[in-house]
Amino acid sequence: MIEEHGKSTIIVKNNVIHITLNGAFNEYGANKVSKNTKEIIRAFKNRRFMILTNLLSLDGATPEAFNESNEFNEWLNKRTMIAKAIVITSQAIKAIVQQRVPSQAFQNIEYFENENDAINWLTKFCC
């Protein structure tokens, strides 16, 4: 039996997709996040959107999970995303994500240590 590792919460507020990741992810957990987020983005029907990803409770991920994330971000680069804010305090996880998910280099992306600062930055792109 295939078991997904890692828990996620995805909430949409206006045109911002809030994604929170908890625990350690394998490829199946990462695939679930990717699949669910793609469904939400498709429902936007080419309207512009933003993403706020909270990684404060992310413990890590397998190489396969990072591959899944990179593939998702390659897909995301062809969509109408305006900006992405990532909330993270672990410099080690941030460095690994930047190395293992190079497709994010093409995005309007900023890193923050708390959600309030991330939301404030995203509001600059609103409407």
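So, helix H2 gives the most to the lining of the largest cavity, with seven residues. Keep in mind that this is a predicted model, and let's stay with that cavity for a moment. How many cavities of 30 Å³ or more does a search of the whole structure find? Just one. About 410 Å³ of space lies in it. Twenty-four is the count for its lining: of those 24 residues, the closest to the centre are Leu21, Thr53, Leu55, Ser69 and Asn73. And H2, residues 63-76, has company here, since E2, H1, E3 and E4 also each supply at least two residues of the lining.

Okay, on to the sheet. Five strands form an open sheet, and the order is E1-E2-E3-E4-E5, with mixed pairing. At the edges you have strand E1, residues 7-13, and strand E5, residues 109-112, and each of those pairs on one side only. If you ignore direction, neighbouring strands in this sheet are turned by 15° against each other on average. Then there's helix H1, residues 27-43, which packs on the sheet and touches E1, E2 and E3. Its direction makes about 175° with that of E2, the strand at residues 16-25.

A quick reminder for anyone new to sheets: strands pair through backbone hydrogen bonds, and they can do that parallel or antiparallel. We get an example of each here. Take E1 and E2: they run antiparallel, joined by seven bridges. One bridge to look for pairs Val12 with Ile17 in E2. These strands make a hairpin with two residues between them, and in that hairpin Asn14 takes a positive phi near 60°. Now go over to E4, residues 81-87, and E5. Those run parallel, with four bridges joining them. If you want one to click on, Lys84 has Ile109 in E5 as its bridge partner.

While we're on positive phi, have a look at the loop between H1 and E3. Which residues sit there? Lys45 is one of them, and Asn46 is in that loop too. Lys45 has a positive phi of about 50° even though it is not a glycine. For Asn46, phi is near 70°, again positive in a residue other than glycine. Lys45 counts as exposed because its relative accessibility is 68%, over the 50% mark. Asn46 is exposed as well, at a relative accessible area of 69%.

Now a residue in another loop. Asn26 lies between E2 and H1. Is it buried or exposed? Asn26 is buried: its relative accessible area is 11%, and under 20% is what we call buried, so that settles it. Who's around it? Leaving out residues up to four places away in sequence, Asn26 touches Glu3, Glu4, His5, Thr62 and Ala65. With Glu3 there's something specific to point out: a polar atom of the Asn26 side chain lies 2.8 Å from the backbone oxygen of Glu3.

Last stop, strand E3, where I'd like you to look at two residues, Leu56 and Ser57. That strand covers residues 49-61. Let's do Ser57 to begin with. Its relative accessibility is 36%, between the 20% and 50% cut-offs, which means it counts as partly exposed. What does Ser57 touch, not counting residues up to four places away in sequence? Leu21, Asn22 and Gly23. Asn22 deserves a second look: it is 35 residues from Ser57 in sequence, but their C-alpha atoms are 4.8 Å apart in space. The side chains of Ser57 and Asn22 also make a polar contact, at 3.4 Å.

And then Leu56. This residue is partly exposed too, with a relative accessible area of 41%. Its contacts, with the usual exclusion of residues up to four places away, are Val87, Ile88, Thr89 and Glu113. Compare that with Gly23, which turned up in the list for Ser57. From Leu56, Gly23 is 33 residues away along the chain, and their C-alpha atoms are separated by 9.7 Å.

That's the tour. If you go back to the model on your own, you could start from the residues closest to the centre of the cavity, such as Leu21 and Thr53, and then find Leu21 again among the contacts of Ser57.

Key. Residues numbered from 1 in each chain as written. Predicted model: local features only at pLDDT ≥ 70, side-chain atom pairs only at ≥ 80, totals over all residues. Heavy atoms only, no water. Buried < 20%, exposed > 50% of the residue type's maximum accessible area, 1.4 Å probe, protein only. Contact = heavy atoms within 4.5 Å. Polar contact = N/O pair within 3.5 Å; in protein donor to acceptor, adjacent residues only side chain to side chain. Pairing = 2+ DSSP bridges. Axes fitted to C-alpha atoms, helices over the stretch in contact; angles between N-to-C directions. 1 Å grid on protein atoms, 1.4 Å probe; cavity = no way out; pocket = protein on both sides within 12 Å on 5 of 7 lines; lining within 4 Å. Points joined across faces, edges and corners; volume = space filled by probe spheres on them.
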